[in-house]
Amino acid sequence: MSPDVAHMTAAGIARRIRDGDLSPVEVVDEVLESIDERNDRTNAFVTVTDERAREGAERAEHAVETGEELGPLHGVPVAIKDLDDVAGVRTTYGSKLYEDNVSDANSPFVDRLLDAGAIVVGKTNTPEFGLGCTTHNRVAGPTGTPFAPDRVSGGSSGGAGAALADGLVPLAQGSDTGGSIRTPASFCGVYGLKPTFGRIARVDERNGFGDHTPFSHLGPMARTVEDAALMLDVMAGPHPLDPFSLPEPEVEYAAATRRSIEGVSIAYSPDLGIYPIDPAVRDVIDDAVDGFEEAGATVERIDLDPSLAQDDVLDAYYTFAKVLWESLFDSLEEEGDLDPRGADRDRLAESTVETILEAETVSTREYKAADRTRTRVLELVQGILEEYDLLATPTLAVPPFEIGELPTEVDGRSVEPRRGWLLTQPFNMTGNPAASIPAGLTDEGLPVGMQLVGPRLADDEVLAASAAFERVRPWRDRYPY
C-alpha cells in the first residue's frame with residue numbers, strides 16, 4: 001500500500017473522497033493489495049471479500065461522479081470481526097463447525113456502516129466463539145501483533161487489532177465481553193472503545209451471541225481517536241429487537257474529540273488495588289498519565305482499598321460468563337449444530353469443550369453470590385466516578401507474550417492464566433464506557449495500553465480525553481509498517 005493511503009486516517013480518506021481528489025477504487029485496490037502482500041505476517045484476516053469490495057468501490061466512485069449524497073464513511077474500507085454477520089459472506093465464529101457457514105443477513109451495525117458508505121473488505125480472526133484473551137483457532141490459526149508477530153495480538157478481536165496496526169485497513173469493528181476490544185487494542189497499539197452497554201444495538205441471528213447481558217458490547221477500533229468516534233457516530237443507536245439498546249445519542253462523538261479537557265479530573269489507579277502489574281507496563285503507564293496533565297486535566301493517583309479480593313472479582317465475572325456461554329451452547333445444541341460430548345468433541349478446541357462442561361455447573365446460589373460481588377464492584381467504580389470525572393488504569397498487567405503461552409505469574413505473584421492479568425473485566429460487569437489508549441512502548445518495543453473509564457453514558461467524555469491525550473502524546477509514527 002502506498003504511504004499516502006496507508007498512513008491516512010479514515011476521516012482523511014472520507015474527506016478527500018468527498019472532495020473528489022481521491023478515488024474509492026484506488027483506496028480499495030491498495031487496501032486489498034496490502035492485505036494480499038502482508039496478511040501472512042500476522043494472519044489478521046480470515047476472509048477477504050475482494051470481489052464485492054471492488055464492486056462497492058466502483059459504486060462509491062460513481063456516486064461521487066454523479067453528485068449523489070455521500071455518507072460520512074463514503075468509500076472507507078472497514079473490517080468486520082468473524083463473530084458478526086455480513087450477508088453472503090461466511091461467518092465461521094472461529095470454529096470448524098461453521099467453517100463453511102454463510103450469513104444470509106447483515107448484523108444491524110453492518111447495515112449502518114454500509115449506509116454510511118463504508119466498504120467491507122473482509123472478516124478478521126477471532127478465537128473459537130470468541131472464547132479467549134488471545135486469538136487462535138482451528139479454522140485460521142493464530143494471529144500475532146504486528147510489533148512482534150510471534151507474540152499474541154490479544155483476543156477476542158485480535159484480527160481487528162492486528163489489521164489496524166499493520167496498516168491493512170483504517171477501521172475495524174470489535175466486540176467486548178471481558179476486554180475483547182481493549183485487550184487487542186493494548187497488545188497492538190491501537191485505539192479501541194467499549195461503549196456504554198446498549199450504545200450500539202446488538203441483534204444476532206444466533207440468539208446465544210446476542211443475549212442481552214451487560215457484558216457484551218460492540219465497538220469501534222481504529223488508529224486514531226477521531227476515526228473511532230466517527231465510526232461510533234455511525235454505529236450507535238437503538239434497534240427494536242434489542243430492548244436494552246439506548247436512544248439516539250444527543251452528542252456527535254467526532255465533534256467531542258475536538259473538546260478541551262481543561263479542568264477535567266482523572267483518578268489514576270495503577271492496579272485497581274487487586275492486580276499485580278509487570279514493571280515494564282507500570283513504567284509506561286506511570287509516564288503516560290502525565291499526558292493528561294499536559295492536555296489540561298488534573299490527575300490524582302489513588303490507592304484503592306482492596307476490600308474485594310482479586311479471586312472474588314474474577315470468580316464473579318467467570319460465573320456470569322459461564323451462564324452467557326451456556327445460553328449460547330444450549331441454542332446451538334437445540335438447533336442440532338453442536339454435540340460437544342459426542343461427534344463434535346474432536347472438532348472443538350479443548351478449551352471450548354472445557355468451557356461448555358464448566359458452564360453446566362453454575363447454581364442459582366453461585367449466580368446470586370456473583371451478582372452481589374458485581375454490585376460491590378459497581379459501587380466501587382461509581383464511588384470513584386462521583387469524585388473524579390474519569391478513571392485511568394493499565395489496560396492489561398502484561399505486555400504481549402509469546403503465541404501459545406499464557407501468563408501464570410506477574411511481578412512475582414501467581415495469577416489465573418486466562419483472567420488474572422486483564423484489568424478490563426470489572427468494567428464489563430458495570431457497563432461503563434472504557435477505552436484502551438496507546439500509551440507507549442516497553443524497552444523491548446512492545447505496545448502498552450492505558451485504560452480510560454467514564455461514567456455510564458459518558459462515551460463523549462472518554463473520547464474527548466482520549467483525543468486530548470493523543471494530541472500531546474501522538475502514537476501514529478510507532479506502527480511497524
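A salt bridge, as I use the term today, is a side-chain nitrogen of Lys or Arg lying within 4 Å of a carboxyl oxygen of Asp or Glu. With that in mind, I can say that Glu354, Glu416, Arg418 and Arg419 are linked in a network of such bridges, and I should add at once that what we are looking at is a predicted model.

Let me stay with the salt bridges for a while, since the structure holds 19 of them. Asp29 pairs with Arg54, with the closest N and O atoms 3.1 Å apart, and this pair links distant parts of the chain, given that Asp29 belongs to helix H3 and Arg54 to helix H4, 25 residues apart. Both ends are partly exposed, Asp29 with a relative accessible area of 31% and Arg54 with one of 36%.

A second bridge also starts from helix H3. Here the side chains of Arg41 and Asp166 meet at 2.8 Å, N to O, and the partners are 125 residues apart, Arg41 being in helix H3 and Asp166 in the loop between H6 and strand E8. Arg41 counts as partly exposed at 34% relative accessibility, whereas Asp166, at 1%, counts as buried because the cut-off for that word is under 20%.

The third bridge I want to show joins Asp460 and Arg259, whose closest N and O atoms are 2.7 Å apart. Asp460 sits in helix H15 and Arg259 in the loop between helix H9 and E11, so this contact ties together parts of the chain that are 201 residues apart in sequence. Asp460 is buried, at 10% relative accessibility, while Arg259 is partly exposed, at 31%.

Now to the surface. A patch of negative charge is formed there by Glu33, Asp36, Glu37, Asp40, Asp50, Glu51, Glu55 and Glu58, and the elements that contribute two or more residues to that patch are helix H3, residues 24-42, and helix H4, residues 50-65. Asp50, which is found in helix H4, counts as partly exposed at 36% relative accessibility.

What, then, lies inside? The largest nonpolar core has 144 residues, of which Leu113, Tyr191 and Phe292 touch the most other members, and helix H12, residues 310-334, gives the most to this core, with ten residues. Helix H8, residues 225-235, is mostly covered, nine of its eleven residues being buried; among them are Val225, Asp227, Leu230 and Met235. After H8 comes Gly237, with a positive phi near 140 degrees.

That brings me to the backbone, where I would ask you to keep a general point in mind: most residues other than glycine have a negative phi, and most peptide bonds are trans. Phe129, although not a glycine, has a positive phi of about 55 degrees; this residue is in the loop between strand E3 and strand E4 and is buried, at 1% relative accessibility. Leu272 likewise is not a glycine and has a positive phi of about 55 degrees, its place being the loop between strand E11 and helix H10, and at 10% relative accessibility Leu272 counts as buried. As for the peptide bonds, the one from Gly155 to Ser156 is cis, with omega near 5 degrees, and Ser156 lies in the loop between strand E7 and helix H6.

I finish with Pro480, in the segment after helix H15, which is partly exposed with a relative accessible area of 34%. Pro480 and Leu380 are 100 residues apart in sequence and, C-alpha to C-alpha, 39 Å apart in space.

How values were computed:
Residues numbered from 1 in each chain as written. Predicted model: local features only at pLDDT ≥ 70, side-chain atom pairs only at ≥ 80, totals over all residues. Heavy atoms only, no water. Patch = residues over 30% accessible without salt bridge, like charges linked within 9 Å, V, L, I, M, F, W, Y side chains within 5 Å. Areas by Shrake-Rupley, 256 points an atom, 1.4 Å probe, with all protein chains shown as cover. Lys, Arg positive; Asp, Glu negative; His and termini not counted. Charge placed at Lys NZ, Arg CZ, Asp CG, Glu CD. Helix = DSSP H or I, 4+ residues; strand = E, 2+ residues; numbered from the N terminus. Buried < 20%, exposed > 50% of the residue type's maximum accessible area, 1.4 Å probe, protein only. Core = buried A, V, L, I, M, F, W, Y, C linked by side-chain atoms within 4.5 Å.
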